[in-house]
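Reader: I would like a close look at one part of this model, the place where its cysteines are, together with the strands and the core around it. Please take me through it step by step.

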Amino acid sequence: MTRTFAASTLRTAALLSLATAFVPAAWAQAAPVGAVAYAPLGSTQAVPTLSQWGMAALALVLAALASRLVRGQGGILRLAALGLLAGAALVAAPWSGQALARPADDVLLDNPAGGTAPLPDHPDFERPFADYMHGYTVRNTTGRPQRIKAVTVTAAHRIMNSHDDTQCTVGQILAPAASCSVVVGRPH
């Protein structure tokens with residue numbers, strides 16, 4: 001019994017090691033190759049809204065109202081209360097959170113107060129058929145206009161001309177959800 005268990009374990013280990021020999025190694029993220037510094041265009045006033053707890057309290061109040069109306073005779077009020085309850089539940093849900101996964105070519109400007117967004121390292125810098133270059137899309141996800149203050153790269157990299165009008169430039173203003181591009185190369 002132990003001999004067959006040991007043999008099957010060895011066989012499984014051999015098959016797994018053989019299978020991993022044909023799987024390409026995962027490319028680990030190295031240090032950023034550069035950064036895009038940005039700042040808000042101007043000061044804006046925040047729009048007052050309910051917090052998550054305020055929305056939860058509103059949903060509970062509407063649920064109590066809906067259960068009372070369901071037991072009563074109010075047909076149209078019953079429907080309206082259920083619609084309000086469903087709307088409150090949808091608004092209380094965290095719909096606007098960050099994506100769990102995003103491609104490495106997107107650089108997100110995601111801090112409304114401004115800051116620095118890193119340009120992550122990419123395997124294209126090691127591939128001759130990609131001309132040792134990679135294009136990044138810098139996207140404003142803050143909901144506020146942002147001004148690009150600086151686009152910098154390490155000493156081993158260069159900012160290349162993207163040959164189009166979408167290239168990020170210092171002083172450029174990105175409206176909410178707008179984007180520009182940065183092409184980075186590594187000379188050989």
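Author: What follows begins with the whole chain, turns to the cysteine pair, and then takes up the core, the sheets and two loop residues.

The model is a predicted one, and its chain holds three helices and eight strands, which succeed one another along the sequence in the pattern α-β-α-α-β-β-β-β-β-β-β. Of its 188 residues, 24% count as buried, and the surface that the chain exposes comes to about 12,800 Å², with carbon and sulfur atoms supplying 65% of it. When contacts between residues at least 6 apart in sequence are considered, 75% of them join residues at least 24 apart.

As for the cysteines, a search of the whole structure finds one disulfide, formed by Cys168 and Cys180, whose sulfur atoms lie 1.8 Å apart, which is within the 2.5 Å that the assignment requires. The torsion about the S-S bond of Cys168 and Cys180 is about 95°, and the disulfide is therefore right-handed. This pair links distant parts of the chain, since Cys168 is in the loop between E6 and E7 while Cys180 belongs to strand E8, with their positions 12 residues apart in the numbering. Both Cys168 and Cys180 are buried.

A useful residue from which to view the surroundings is Val138. Leaving aside its neighbours within four places in sequence, Val138 is in contact with both cysteines, Cys168 and Cys180, and also with Val36, Val107, Leu109, Leu174, Ala178, Ser179 and Val182. Val138 also belongs to the largest nonpolar core, a set of 17 residues in which Leu109, Leu119, Tyr136, Val138, Ile148, Val182 and Val184 touch the most other members. The elements that give two or more residues to this core are E1, E2, E3, E4, E5 and strand E8, which spans 179-185, and it is E8 that gives the most, with three residues.

Strand E8 takes its place in an open sheet of four strands, ordered E2-E4-E8-E6 and mixed in its pairing. At the edges of this sheet stand strand E2 (106-109) and strand E6 (158-160), each of which has a single partner strand, so that one side of each is left without a neighbour in the sheet. From one strand to the next, the twist averages 35°. Strand E2 runs parallel to strand E4, which covers residues 133-140, and four bridges join the two; within this pairing, Leu109 has Asn140 of E4 as its bridge partner.

The other sheet to consider is likewise open and made of four strands, in the order E3-E1-E5-E7, with antiparallel pairing. Here strand E3 (115-119) and strand E7 (173-174) are at the edges, and because each has a single partner strand, one side of each is left without a neighbour in the sheet. Strand E1, residues 34-40, is mostly covered, as six of its seven residues are buried. Five bridges join E1 to E3 in an antiparallel arrangement, with Ala35 standing opposite Pro118 of E3, and seven bridges join E1 to E5, again antiparallel, with Ile148 of E5 as the bridge partner of Tyr38. Strand E5, residues 146-153, is in turn joined to E7 by two bridges, the strands running antiparallel, and Arg147 stands opposite Ile173 of E7.

Two loop residues complete the picture. Ala177 lies in the loop between E7 and E8, and its phi is positive, about 70°, although Ala177 is not a glycine. That value deserves a remark, because most residues other than glycine have a negative phi. Ala177 is exposed, because its relative accessible area of 63% is over the 50% used as the limit. Asp131, in the loop between E3 and E4, likewise counts as exposed, at 53% relative accessibility. The C-alpha atom of Asp131 is separated by 8.6 Å from that of Arg186, although the two residues are 55 apart along the chain.

How values were computed. Residues are numbered from 1 along each chain as its sequence is written. This is a predicted model: local features need pLDDT of at least 70, side-chain atom pairs count only at pLDDT 80 or more; totals for chains, interfaces and linings use all residues. Side-chain values use heavy atoms; hydrogens and water are left out. Buried means under 20% relative accessible area, exposed over 50%, partly exposed in between (1.4 Å probe, protein chains only). Contact means heavy atoms within 4.5 Å. Accessible areas come from the Shrake-Rupley method with a 1.4 Å probe; for residues, only the protein chains shown count as cover. Two strands pair if DSSP finds at least two bridges between them. Axes are lines fitted to C-alpha atoms, for helices over the stretch in contact, and angles run from 0 to 180 degrees between N-to-C directions. A nonpolar core is a set of buried Ala, Val, Leu, Ile, Met, Phe, Trp, Tyr and Cys residues joined through side-chain atoms within 4.5 Å.
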